[in-house]
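Pull up the model and keep the sequence beside it. We'll take a walk through the fold one piece at a time.

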Amino acid sequence: MNAPEKSCTALGTLYIVGTPIGNLEDMSLRAIRILKEVHLIAAEDTRHTGKLLHHFQIATPQVSYHQHNWQARTPELMAHLQRGENLALVSDAGTPGISDPGFELVQACVEAEVTVVPIPGANAAIAALVASGLPTDRFCFEGFLPAKGKQRHTRLAALATESRTLVFYEAPHRLGQTLTDLADTLGTDRPLSVARELTKLHETLWRGTLAEAISHFQAHSPKGELTLVVAGQTMPTTPILSDAQLKTQLQVCLAQGLSRSQASRQVAHDTGAARRDLYQLTLELANLKSSAHPPPGIGGRDELQS
Ligand code: SAM
């Protein structure tokens, strides 16, 4: 759909434009066209984006929009949109709004009923995830962990039982501490992938456990941009059955003539439940039965054998 993007209508449109995370070949044809057609580009760093614009021969003027000026800048950008001018938002790399400025401007547009159009492009989290070898069907993006203190501790604790694949951004000088904290919270055996310098000349994908990562990156100090993809907590393969369900299975075995010990062993094998707990349930079954019709000889004769 090639609508005339520069025509002034009642309200302008905000385009959220993804740009490369290293490799300029990842710039989409649509991103180039939109950046050429809009009236103004709001960029996280105008000098940085200037190089990208120069490369693709884009002459559109820029204005800065970053974490230190977004509050003052948002009403100015909204005024452009309300005059009917179209704007593009870009960050230094990847997708604006993903650990980059953008959310507040989009929110202001939504409130003012200004149309927002995403122009999808590169994103480090998705690139790292799909190459990690870890499950991609359910994942959660955690961005940068808080650097320290209670906030970091609380965020990590909340992830301890997370079963979705976890994706983090991290700076190289903080990698060692983050791996150690993740190992303390999630366990040293947890698999992960560390994606470094994606789409660039020195792209590497390291895979192993948290314990292996700690020793590897102690020996090879990491450089460049890093994204961590960590496996979620594995669910037990056999569903956890209730005591009532386990008792039903035990009763079937007992009715077939197995002793309490043999029935416990059989049901433990079938369900993964602990044999000692199952034996206890057989005693409860026997007690129920004895209180209804006390049978002779219950108790003490059929001990749990190892
Ligand atoms: N908005 C960007 C995106 O869509 O991916 C992310 C911006 S965030 C400020 C920058 C962080 O993303 C880096 O510190 C690093 O963790 C990750 N990152 C960016 N480029 C990367 C690359 N080429 N390889 C690996 N990780 C990268």
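What follows is a tour of two helices, the ligand site, the salt bridges and a few backbone oddities.

Before we set off, keep in mind that this is a predicted model.

Let's begin with helix H1, which runs over residues 29-37. Which residues of H1 are buried? They are Ala 31, Ile 32, Ile 34 and Leu 35. Look down the axis of H1 and these buried residues fall within an arc of 170 degrees, so they line one face of the helix. As for what sits over them, the cover includes strand S1 (13-17), strand S2 (40-43), helix H2 (46-55), strand S4 (87-90) and strand S5 (115-119).

H1 also carries a salt bridge of its own. Glu 37 pairs with Arg 33, with 3.0 Å between the closest N and O atoms. The two residues are four apart in H1, about one turn of the helix. Glu 37 has a relative accessibility of 23%, so it counts as partly exposed; the cut-off for buried is under 20%.

Now move on to H2, which is part of the cover over H1. Here the buried residues are Thr 49, Leu 52 and Leu 53. They span an arc of only 100 degrees around the axis, so they sit on the same side of H2. Turn to the other side of H2 and you'll find Arg 47, Lys 51 and His 54, which are exposed. The buried residues of H2 are covered by elements that include H1, S2, strand S3 (62-64) and S4.

Both ends of H2 deserve a look. At the N-terminal end, Asp 45 acts as a cap, with a side-chain oxygen 3.0 Å from the backbone nitrogen of Arg 47. After H2 comes Gln 57, with a positive phi near 55 degrees.

Gln 57 has company in the positive-phi department. Ser 99 has a phi near 50 degrees, a positive value in a residue that isn't glycine. You'll find Ser 99 in the loop between S4 and helix H4 (103-111), and at 35% relative accessibility it counts as partly exposed. Glu 113 isn't a glycine either, yet its phi is positive at about 60 degrees. Glu 113 sits in the loop between H4 and S5, and with a relative accessible area of 66% it is exposed.

Next stop, the ligand. Which residues come nearest to it? Of the 19 residues around the ligand, those are Thr 95, Asp 100, Asn 123, Tyr 169 and Leu 226. Zoom in on the oxygen atoms of the ligand and you can pick out some polar partners. An N or O atom in the side chain of Tyr 169 is 2.8 Å from a ligand oxygen. The backbone contributes too: an N or O backbone atom of Ala 124 lies 2.8 Å from an oxygen of the ligand, and a polar backbone atom of Leu 226 is 2.5 Å from a ligand oxygen. How much of the ligand does the protein cover? On its own the ligand has 570 Å² of accessible area, and the protein covers 90% of that.

Back to charged side chains. The structure has nine salt bridges, and the pair in H1 you've already met is one of them. Another joins Glu 76 to Arg 73, whose closest N and O atoms are 2.9 Å apart. Both belong to helix H3 (residues 70-82), three residues apart, or about one turn of the helix. Glu 76 is partly exposed, with a relative accessible area of 40%.

Then there's a salt bridge between Lys 200 and Glu 197, with 3.3 Å between the closest N and O atoms. Are these two buried or exposed? Lys 200 is partly exposed, at a relative accessible area of 27%, whereas Glu 197 counts as buried at 14% relative accessibility. This pair doesn't stand alone: Glu 197, Lys 200 and Glu 225 are linked in a network of salt bridges.

One last acidic residue rounds off the tour. Glu 142 lies in strand S6, residues 139-144. Its relative accessibility is 18%, so Glu 142 counts as buried. And what does Glu 142 touch, leaving aside neighbours within four places in sequence? The contacts are Arg 155, Leu 159, Leu 166, Val 167 and Phe 168.

Methods. Residues numbered from 1 in each chain as written. Predicted model: local features only at pLDDT ≥ 70, side-chain atom pairs only at ≥ 80, totals over all residues. Heavy atoms only, no water. Buried < 20%, exposed > 50% of the residue type's maximum accessible area, 1.4 Å probe, protein only. Contact = heavy atoms within 4.5 Å. Arc of directions from axis to C-beta. Near = heavy atom within 4 Å. Polar contact = N/O pair within 3.5 Å; in protein donor to acceptor, adjacent residues only side chain to side chain. Areas by Shrake-Rupley, 256 points an atom, 1.4 Å probe, with all protein chains shown as cover. Salt bridge = Lys/Arg side-chain N within 4 Å of Asp/Glu carboxyl O.
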